Amino acid sequence: MTVVPETAEQVRVPAEVRRARILGFTYLLLAAVVYFLLAVGTEGEVTFRFGDQPGDIDFTFSSAGLATFTAIVFAFLGGVQLTKGFGKKTNVVLGGAMGLFILAFLGWAAAGESLSMVGMLESTLFLAAPIAFGALSGVMCERVGVINIGIEGMLLTGAFTGAVVGSVVSPFFGLIGASLAGGILALALAVLAIKYRVDQIIAGVVINIFALGITSFLSAQVLVENAQEMNNPGVMGPIKIPILGDIPVIGRIFFDQNIFIYALYLIVIGMTYGLFRTRWGLRSRSVGEHPKAADTLGIKVFRTRYVNVFLGGLIAGFGGAFFTLGAVGAFNENMTAGRGFIGLAAMIFGRWHPVGALGAALVFGFADSLQFKLAVIGSGIPSEFLLMAPYVVTIIVVAGVVGKARPPAADGQPYIKQ
Amino acid sequence: MSEENNVKENEGQSEEPRWMERVAPKEVDWSSLVIIPLLAVLSALIIGAVLIILTDGWGNVLPAYSALFKGAFVGWGSISETLLAATPLIFAGLAVGIGFRAGLFNIGAQGQMVMGGLLAVVVGFSFDGLPAVVHVPLAILAGFLGGALWGFIPGILRARTGAHEVITTIMLNFIAFRTLEYLLKLPRIQQEGRFDPISKEIAESAQLPRLLTWLPVENADQLRLHLGFLIALGAAWVVYWILFKSTIGFEFRAVGANPDAARYGGIGVAAAITMVMVIAGGLAGLGGANETLGVYHRAFPGFTATIGFDAIALALLGRSHPAGIVAASILFGALAAGGRTMQAVAGVGIDLIVVVQALIIVFIAAPELVRAIFRVKVGKETGQITRGWST
């Protein structure tokens, strides 16, 4: 019986061609937009400051000149894209082009002023951290074939537990408690998804609703009256790493951060190595791609799934503590405000790879950071539009402008042992 | 795990009998249709009671739950509030349910409600002196269109590019909130003399008339139940008709059951997916319009509360059947109306209701859990409803 396959297989080549063509015209369109909106009629110079003090490490451009240069580059890229194409380098070129576009945009928005780039990059990493933890938690679960929509709930529960345990015992135990809280929710997800074979997306949504309900309930019922004793953990400040922290520019951005950021580095490195260079990783991935084959080879599918989903929960819970112990210093109802969902998008954007997930989270963090910056400069663009930019970008990304991302083959499929 | 189940599972992936049974039961299985939801509600209330005991002590369970019951059902005032709360839930529940029937998970009811409610308000205050018979339908239509537009976007993206509707609808929810905040501050829409984002009040001719103010009871003028409830019942009937009596509804269900087979059978899968999302968005938009035209008479951030998310629970609870969704909505409406009384009388936070609702979904989505706890025998099924990330 020949079943007509999913369209993606059949029309891959025409789809690729169409995508390349759309991309080419987008470059040309952007070239025109940049030239007429950002270059024509713009006066003044912009200074990108990379040092701590003005005059340390400064790059000064004419705003109009920068925009004109960008427009020329875009026109050139559009021409090449439409004729020859960039082949495998398409996405790299696109990423570089977007960076240039943002630079030109900043130059226009901050014409006549100077921008502290170090501060902006520092806050990019800071704002990206919770999104990255969420995305890494997703990678951990989905690589073994369990979809985790409940990241948001795990972050929120981690934030709550971190605040309470951090206040009652100590911030360090707050971290442990938050991780475990995330882990327990993840086990609930695992039991529902693996043992009871509940639809995984539904199970994740339930975890989100449950986490929001229970943290809000306990917060209103218990925390509000005892805010001083139970919701006052303090913020874990930045720790400067000796030597590395003294490197100019890079030191301040990467090595003068709080414990969460360092943990993030370790988790990204550990997961990348673990998933792609160790026996555990190979087994995990095989369970996510083809559980039946893995089972045949003697890999314990259920146990692997339980363990990895639990680990994913630990990561999300730990990341949740960032909100209370790393940033705000107290728990507020629904304080994660959708970061878990952005993390989910970052996971897809990052193609289920730890480094990709981190990179995607940084893009979202940068968009956030940019929005704060522009609000301060007063660019005349309504802040609502800047706030919705990451969401629009996410839609464009999942709609396949950056090419089709392929999830692990058994993602979302319950496994039934024969 | 029984032998029979294993054999069924061996037949391969293209056939998805298990979730199909769950979303669209072929025969009416009363035990799973009635017993499971009842036990789910019961279990959720018991766990809720445990939470009250843990935070407030033993003494508060009975007062809290009796206040919950009184606030939901005792007296015309309570009944009016219960049905009032149920009305937008019916619309939003239908929006999610019709998606489930076509194999789509519409988490975007929230954003669709925002856009529908906003557009209805704009029409509501923009015309002066129109007779209500013209103005009310016009504003309601605007609500439908606003939501339909917000449903069209994920629909067409799913159909054309395969972008998963779970992600796109979540993102569109956020975009809808921001758009609402922005638009509410435009001088054309914002209430004069206000600096916070709040819209002008709609004309009286666009307000949905109240239904129970003629009753010969005390404070009858405070019975807030309005025409929207009847429209919601009408919408449920229309959805029933579309799904089970029309050709297009058959196509929706075929796409939901097995898109490959549907395509093979000559059904335009892309068109059907887009259409389902447009209708779903429109229904949610009606829910938003119901809130702005019937309850608040204006729009402001958060006028949708969490109705769009509760809708997921309702669609599950009601088995994606319009009649089931209406029943489930009235139950949740009762929980909401009673929850307010519970908070006022017994001092138990209304967030407990959210926990109870989440637990109800868990038990509904995992019937084996209920089976294990209560040792009852009910229909065999598990909960595979959506299709993961695959397109």
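In what order do the 3 strands of the open sheet in chain A lie? In this predicted model, the order is S2-S1-S3, and the pairing within the sheet is mixed. Strand S2 (58-62) and strand S3 (114-116) of chain A occupy the edges; each has a single partner strand, so one side of each is left without a neighbour in the sheet. From one strand to the next, the twist averages 20°. Strand S1 (residues 45-49) of chain A and S3(A) run parallel and are joined by 3 bridges. Opposite A:Ser116 in S3(A) stands A:Arg49. Helix H5 (residues 117-142) of chain A lies across S1 and S3 of chain A, and the helix runs at about 40° to S3(A).

The secondary structure of chain A comprises 17 helices and 5 strands. For the 418 residues of chain A, a compact globule would have a radius of gyration near 22 Å; the computed value for chain A is 23 Å, which agrees. The C-alpha trace of chain A spans about 70 × 65 × 40 Å along its principal axes. Of the 418 residues in chain A, 50% are buried. Contacts in chain A between residues at least 6 apart in sequence were also considered by separation, and 77% of them join residues at least 24 apart.

Chain A is divided into two parts, domain 1 (7-112) and domain 2 (119-401). The centres of domain 1 of chain A and domain 2 of chain A, taken over C-alpha atoms, are separated by 31 Å. Contact between these domains involves 4 residues of domain 1 of chain A and 4 residues of domain 2 of chain A. On the side of domain 1 of chain A that touches domain 2 of chain A, the classes are 4 nonpolar, no polar and no charged residues.

Chain B is likewise assigned domains: domain 1 (29-74 + 322-382), which is given as two segments, and domain 2 (90-317). A distance of 26 Å lies between the C-alpha centres of domain 1 of chain B and domain 2 of chain B. Here 12 residues of domain 1 of chain B are in contact with 14 residues of domain 2 of chain B. Helix H14 (322-346) and H15 of chain B each supply at least two residues of the domain 1 side of this contact. H14(B) gives the most to that side, with 6 residues. By class, the same side of domain 1 of chain B has 10 nonpolar, 2 polar and no charged residues.

Between the two chains, 47 residues of chain B are in contact with 49 residues of chain A. Several helices of chain B each supply at least two residues of the side that touches chain A: helix H1 (3-10), helix H7 (132-161), helix H8 (165-183), helix H11 (259-264), helix H13 (307-317), helix H15 (351-365) and helix H16 (367-374). H8(B) gives the most to this side of chain B, with 10 residues. The residues of chain B on the side that touches chain A divide into 25 nonpolar, 15 polar and 7 charged. H15 of chain B thus appears both on the side of chain B that touches chain A and on the side of domain 1 of chain B that touches domain 2 of chain B.

Notes:
Residues are numbered from 1 along each chain as its sequence is written. Chains are lettered from A and ligands numbered from 1 in the order in which they are written. This is a predicted model: local features need pLDDT of at least 70, side-chain atom pairs count only at pLDDT 80 or more; totals for chains, interfaces and linings use all residues. Two residues are in contact if their C-beta atoms, placed from the backbone, lie within 7 Å. Helices (H or I, at least four residues) and strands (E, at least two) are DSSP runs, numbered from the N terminus. Ala, Val, Leu, Ile, Met, Phe, Trp, Tyr, Cys and Pro count as nonpolar, Asp, Glu, Lys and Arg as charged, and the others, Gly among them, as polar. Two strands pair if DSSP finds at least two bridges between them. Axes are lines fitted to C-alpha atoms, for helices over the stretch in contact, and angles run from 0 to 180 degrees between N-to-C directions. The radius of gyration is taken over C-alpha atoms; the globule rule is 2.2 Å times the number of residues to the power 0.38. A residue is buried if 20 or more other C-beta atoms lie within 10 Å of its own, exposed if 12 or fewer, and partly exposed in between; C-beta atoms are placed from the backbone. Domain bounds come from an automatic or database domain assignment.
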